[in-house]
Amino acid sequence: MVIYAVAAVRERFVKTSLLPMVLRAPTRMLARSRLSAYIGQFQNDDGSWNAAIYCTVFALIALEGVGLSKTDPMIQRGLAWLETRKSRPGNTLEVSLFDGEIWETSFAMLALTACGVSAKDESIQSGARYLADHQCKKPQPRVNQPKPNAPRIGGWAFQKHNDTMPDCDDCGVALAALGAATSGGLRSVGPTIARGLAWLRGMQNPG
């Protein structure tokens with residue numbers, strides 16, 4: 001996203017071009033279409049990219065750089081999400097860059113069990129239910145999982161509602177935490193664990 005953003009801004013403000021004049025307009029139109037489609041597949045339902053301020057800002061810069069206006073629905077959703085990250089205590093402005101609910105919940109559960117807290121304790125059991133509720137249930141973008149038969153749902157991202165960007169480290173710690181919770185008798189997360197394992201195995205490289 002950073003590379004796209006820088007290239008798009010440069011293209012907009014650098015007046016010289018190696019292309020003949022007759023090709024510049026159609027080339028720009030093609031670039032706008034391709035970049036919008038590529039970046040658009042990673043936009044979450046809440047309007048964010050990767051549920052993070054900086055990823056969202058870079059995506060918006062790139063889209064604006066190739067000529068999308070503020071009236072474009074993709075940009076409007078992104079700007080609306082940025083507003084939700086702002087708070088104004090007193091005369092100040094605070095911006096929350098990103099959350100890490102999945103990562104933090106998983107490690108908190110593992111820390112508690114490592115300290116001897118029973119897996120039957122409600123803190124562990126409720127954490128497991130939380131992780132199960134926020135397993136990614138929407139297919140991840142094909143560019144992140146090109147294998148034709150690999151599962152594209154079942155992973156976890158760093159945050160809840162970040163369905164477009166599940167990753168292997170968050171999936172790993174979530175599975176470890178859920179595995180610890182099952183020793184406390186919470187069998188309802190069995191299918192959740194199975195989906196997570198299948199997704200993680202599908203992400204393994206040939207090497």
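**Values set against their cut-offs**

Student: Why is no bond assigned between the sulfur of Cys 55 and that of Cys 136?

Tutor: In this predicted model, the closest cysteine sulfur to that of Cys 55 belongs to Cys 136 and lies 15 Å away, which is too far for a bond. A disulfide needs the two sulfur atoms within 2.5 Å, and the search of the whole structure accordingly returns zero disulfides.

Student: How do you know that Cys 171 is in no disulfide?

Tutor: The nearest cysteine sulfur, that of Cys 168, is 7.1 Å from the sulfur of Cys 171, and the cut-off is 2.5 Å, so Cys 171 is in no disulfide.

Student: What makes Cys 55 and Cys 171 buried or exposed?

Tutor: The label depends on the relative accessible area, with buried meaning under 20%. Cys 55 has 15% and is therefore buried, and Cys 171, with 0%, is buried by this rule as well.

Student: Which residues have the most contacts inside the largest nonpolar core, and how many residues does that core have?

Tutor: The largest nonpolar core has 19 residues, and those with the most contacts inside it are Leu 35, Ile 39, Trp 49 and Leu 63. Helices H1 (2-13), H2 (21-40), H3 (53-65) and H4 (73-84) are the elements that give two or more residues to this core, and H3 gives the most, with six.

Student: What does Leu 35 touch once its neighbours within four places in sequence are left aside?

Tutor: With those neighbours set aside, Leu 35 is in contact with Tyr 4, Ala 62, Leu 63 and Val 66. There is also a second, separate core of 16 residues, which includes Met 109, Trp 156, Cys 171 and Ala 177.

Student: Why is the pair of Tyr 38 and Phe 42 called edge-to-face?

Tutor: The ring centres of Tyr 38 and Phe 42 are 5.6 Å apart and their planes make an angle of 65°. Centres within 6.5 Å count as a pair, and planes over 60 degrees apart count as edge-to-face, so both conditions are met and the label follows. Tyr 38, at 34% relative accessible area, is partly exposed, whereas Phe 42, at 6%, counts as buried.

Student: What makes the pair of Phe 98 and Phe 158 tilted?

Tutor: The centres of Phe 98 and Phe 158 are 5.8 Å apart and the planes are at 55°. Planes under 30 degrees apart would be stacked and those over 60 edge-to-face, with the rest tilted, so 55° leads to the tilted label. Phe 98 lies in the loop between strand S2 (94-95) and helix H5 (101-114), and Phe 158 in the loop between helix H6 (122-133) and helix H7 (168-182), so the pair ties together parts that are 60 residues apart in sequence. Both rings are partly exposed, Phe 98 with 36% relative accessible area and Phe 158 with 24%. Phe 98 and Phe 158 also belong to one aromatic cluster, together with Tyr 54, Trp 103 and Phe 107.

Student: How do you know that Lys 138 and Asp 45 form a salt bridge?

Tutor: The closest N and O atoms of Lys 138 and Asp 45 are 1.7 Å apart, and the limit is 4 Å from side-chain nitrogen to carboxyl oxygen, so the pair qualifies. Lys 138 sits in the loop between H6 and H7 and Asp 45 in the loop between H2 and H3, 93 residues apart, so that distant parts of the chain are linked. Lys 138 is partly exposed at 37%, while Asp 45, with a relative accessible area of 57%, is exposed.

Student: Why does the contact between Asp 99 and Arg 85 count as a salt bridge?

Tutor: The N to O distance between Asp 99 and Arg 85 is 3.1 Å, and the limit is 4 Å, so this contact counts too. Asp 99 is in the loop between S2 and H5, and Arg 85 in the loop between H4 and strand S1 (86-87), 14 residues apart along the chain. Asp 99, at 28% relative accessibility, is partly exposed, whereas Arg 85 is buried at 15%.

Student: Why is Phe 13 given its accessibility label?

Tutor: Phe 13, placed in helix H1, has 60% relative accessibility, and exposed means over 50%, so Phe 13 counts as exposed.

Key: Residues numbered from 1 in each chain as written. Predicted model: local features only at pLDDT ≥ 70, side-chain atom pairs only at ≥ 80, totals over all residues. Heavy atoms only, no water. Core = buried A, V, L, I, M, F, W, Y, C linked by side-chain atoms within 4.5 Å. Buried < 20%, exposed > 50% of the residue type's maximum accessible area, 1.4 Å probe, protein only. Helix = DSSP H or I, 4+ residues; strand = E, 2+ residues; numbered from the N terminus. Contact = heavy atoms within 4.5 Å. Phe/Tyr/Trp six-rings, centres within 6.5 Å; stacked < 30°, edge-to-face > 60°.
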